[in-house]
Amino acid sequence: ALAVSEHRLRQLIDAVPAAFFVTNAQGECVLVNDHWFGLTGLGVEESMGLGWLGAIHPEDRLRIAAQLGHPDRVGKPLEDRYRLQRPDGSVAWVRTNAVPLIDPDGTLTGYAGFSIDITATVDATAALQRAHDELTASLAALRTLRGLIPICATCKRIRDDDGAWNRLEEYTSAHTDAEFSHGICPECLDRALSDTRS
């Protein structure tokens, strides 16, 4: 009966569509399913005990290891996000959720939980953030004039919101990123020359 029960439990665990694990109270792994091996790239012997910590990316490993015996975490559900570094060098982001296993007398005996691969979500979020930053930078660089602009029909000065009249180039430079360089068109040059001759 025990063998049948263990066989059924094994089938159930392997049917979980995530990397399932069970640890003892010290965080040592005592049971994993087939998805665990696929996600971590570790074998059975490497996964047992504290060997599973070796699958965690070096930059995240100390943070995760520090949670194992932390007084604030003992007996409480755990949730975290971190990177795995597989033996082939590839990196995967995972989200891990675990719940405490408590005996009827209140003794913590370990944790049971699962880890799911969230690499695609993390990559998509990073790409979206990059696109957002690029768009924000582009919008910051783009300044446009909109609406009705009151301009004098004679001198071409523009009235601002305070009622002051500004030269066209001053107003435009203050409200856009445009800069002016001054020259003289052929008609104005002819007119200026004719004025000096007369």
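# A tour from Glu59 to Lys156

Select Glu59 to start. Glu59 is exposed, with a relative accessibility of 61%. That is over the 50% required for the term. A word on the source: this is a predicted model.

**Stop 1: Glu59 and its partner**

Keep Glu59 on screen and add Arg83. Which atoms of the two come closest in the salt bridge? An N and an O, 3.1 Å apart. Now colour by secondary structure. Arg83 belongs to strand E3, residues 78–85, while Glu59 belongs to helix H4, residues 58–67. The pair therefore ties together parts that are 24 residues apart in sequence.

Is Arg83 buried or exposed? Arg83 is buried, at 17% relative accessible area. The limit for buried is under 20%, so Arg83 qualifies. Glu59, at 61%, is exposed. This bridge joins a buried arginine to an exposed glutamate.

**Stop 2: Arg86 and Asp117**

Select Arg86 and Asp117 next. Their side chains form a salt bridge, with N and O 3.8 Å apart. Arg86 sits in the loop between E3 and strand E4 (91–102), and Asp117 sits in strand E5 (residues 108–117), so this contact ties together parts 31 residues apart in sequence. Asp117 is partly exposed, at 44% relative accessibility.

**Stop 3: Arg167 and Glu169**

Move on to Arg167 and Glu169. Here too the side chains meet in a salt bridge, 3.3 Å from N to O. Arg167 is partly exposed, with 38% relative accessible area. Glu169 is buried, at 18%.

Now return to the first pair and add Asp60. Which residues do shared salt-bridge partners join into one network? Glu59, Asp60 and Arg83. Across the structure, the salt bridges come to 6.

**Stop 4: a charge over a ring**

Select Arg81 and Trp93. Look down onto the Trp93 ring. The charged end of Arg81 sits over that ring, 5.2 Å from the ring centre. As for rings paired with rings, the structure holds 1 aromatic pair.

**Stop 5: the largest cavity**

Switch on cavity display. How many cavities of 30 Å³ or more does a search of the whole structure find? There are 2. Go to the largest. Its volume is about 280 Å³. The lining takes in 19 residues. Select Phe21, Trp52, Leu68, Leu78 and Thr96, which lie nearest the cavity centre. Then show the surrounding elements. Strand E1 (19–24), H4, E3, E4 and E5 each give two or more residues to this lining.

Which element gives the largest share? E3, with 4 residues. Colour the lining by residue type: 10 residues are nonpolar, 7 polar and 2 charged.

Stay with Phe21. This residue lies in strand E1 and is buried, at 10% relative accessible area. Add His35 and draw a C-alpha to C-alpha line. Phe21 and His35 are 9.8 Å apart in space and 14 residues apart in sequence.

**Stop 6: the second largest cavity**

Now find the second largest cavity, of about 30 Å³. Select its lining: Trp36, Leu39, Thr40, Trp52, Tyr82, Leu84 and Ser115. Trp52 has appeared before, among the residues nearest the centre of the largest cavity.

Helix H2 (34–40) and E3 each supply at least two residues here. H2 has the largest share, with 3 residues. By type, the lining has 5 nonpolar residues, 2 polar and no charged.

**Stop 7: Thr109 and Gln26**

Go to strand E5 and pick Thr109. Thr109 is partly exposed, at 33% relative accessibility. Add Gln26. How far apart in sequence are Thr109 and Gln26? The separation is 83 residues, yet their C-alpha atoms are 8.6 Å apart in space.

**Stop 8: Lys156**

Finish at Lys156. Look in the loop between helix H5 (119–141) and strand E6 (158–159). Check the backbone. Phi is positive at Lys156, about 70°, although this residue is not a glycine. Then check the surface. Lys156 is partly exposed, with 45% relative accessibility. That value falls between the 20% limit for buried and the 50% limit for exposed, so Lys156 takes the middle term.

Key
Residues are numbered from 1 along each chain as its sequence is written. This is a predicted model: local features need pLDDT of at least 70, side-chain atom pairs count only at pLDDT 80 or more; totals for chains, interfaces and linings use all residues. Side-chain values use heavy atoms; hydrogens and water are left out. Buried means under 20% relative accessible area, exposed over 50%, partly exposed in between (1.4 Å probe, protein chains only). A salt bridge is a side-chain nitrogen of Lys or Arg within 4 Å of a carboxyl oxygen of Asp or Glu. Rings of Phe, Tyr and Trp (its six-membered ring) pair if their centres lie within 6.5 Å; planes under 30 degrees apart count as stacked, over 60 as edge-to-face and the rest as tilted. A charge sits over a ring if NZ of Lys or CZ of Arg is within 6 Å of the ring centre and within 35 degrees of the ring normal. On a 1 Å grid over the protein atoms alone, a cavity is a set of points where a 1.4 Å probe fits but cannot get out, and a pocket is an open set with protein on both sides within 12 Å along at least five of seven lines; lining residues have an atom within 4 Å of a point. Grid points are joined across faces, edges and corners, and a volume is the space filled by probe spheres set on the points. Ala, Val, Leu, Ile, Met, Phe, Trp, Tyr, Cys and Pro count as nonpolar, Asp, Glu, Lys and Arg as charged, and the others, Gly among them, as polar.
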